[in-house]
Amino acid sequence: MNKNLWIIANFKSRKNIQEVLNWIGEVGPKLIKKDNLKIAVCPSYSCLSEAKKAIQVGNFPLLLGSQNLSNFPAGAYTGEEPAEALKEFVDLSIIGHSERRQNFKETNEQIAQKIHLANQSGIEPLLCIQGEDTLIPDVVKLVAYEPVFAIGTGTPDTPENANKVALSVKQKHSANLEVLYGGSVDEKNVKSFINQENINGILVGNASLDPLSFLNIINNCLS
Ligand code: PGA
């Protein structure tokens, strides 16, 4: 394996601390350390501290990510989660997920600010793009192409189209950009996505919640 393979679990607002710890307890010991294999889990904010401890104690090759971060620095912004605080726990942060753009009316300006603050704090921003025209700030190195029609619907994009979009954004932005695919990825279809030349991994929602299903996704990627 010479290019990176990213396999990222996005729990959304779904698991409490105990459920996240159970998941890490089941998945962590089965993970194999491999160069270029980057497996990450993104639970909700309240679970990050305990998740980090469990990963460290088990010495698992598992990265930790948040699903968002504040577009403001630390300060008088009640209820916000700044990158400066999150950097203690996370390696990466999902930014600009379509659920945030739709439900919380996130703008490209706010998203650019989040990316800037993530970078400043040493957190790798994983920018979700909904199509080839989504704005990608220059500093971004990792994106996930997640067409809205495919998220949580059981109807993924075709691997061929996902590959076409990935190639197009690499041509427009940078050949070094890593592009993941997300949207109804499961253990059956995962291989067809990661086999595409321009796809560097996957972002998985529903099929990541069950530890066994997530482990099958990893195994199917590696077999
Ligand atoms: P899904 O979600 O795998 O449940 O479609 C993916 C995502 O929203 O990141």
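How far is an oxygen atom of the ligand from a polar backbone atom of Gly205? In this model, which I should say at the outset is predicted, the separation between that backbone atom of Gly205 and the ligand oxygen comes to 2.8 Å. Taken alone, the ligand would expose 280 Å², and the protein buries 99% of that area.

Let me stay with the ligand for a moment. Ser184 also brings a backbone N or O atom to 2.7 Å from a ligand oxygen, and Ser184 is named, together with Lys12, His97, Glu146 and Gly152, among the residues that come nearest, out of the 13 around the ligand. With Asn10 the contact is made through the side chain, where an N or O atom sits 3.4 Å from an oxygen atom of the ligand. If we sort the shell around the ligand by class, we find 7 polar residues, 4 nonpolar ones and 2 charged ones.

Now to the cysteines. A disulfide is a covalent bond between the sulfur atoms of two cysteines, and with the cut-off for such a pair set at 2.5 Å, the count for this model is 0 disulfides. For Cys47, the nearest cysteine sulfur is that of Cys42, 12 Å away, and Cys47 takes part in no disulfide. Cys47 counts as buried because its relative accessibility is 1%. Cys128 is likewise in no disulfide, the nearest cysteine sulfur being again that of Cys42, at 9.4 Å. With a relative accessibility of 0%, Cys128 therefore counts as buried.

Note on methods. Residues numbered from 1 in each chain as written. Predicted model: local features only at pLDDT ≥ 70, side-chain atom pairs only at ≥ 80, totals over all residues. Heavy atoms only, no water. Buried < 20%, exposed > 50% of the residue type's maximum accessible area, 1.4 Å probe, protein only. Near = heavy atom within 4 Å. Polar contact = N/O pair within 3.5 Å; in protein donor to acceptor, adjacent residues only side chain to side chain. Areas by Shrake-Rupley, 256 points an atom, 1.4 Å probe, with all protein chains shown as cover. Nonpolar A, V, L, I, M, F, W, Y, C, P; charged D, E, K, R; others polar.
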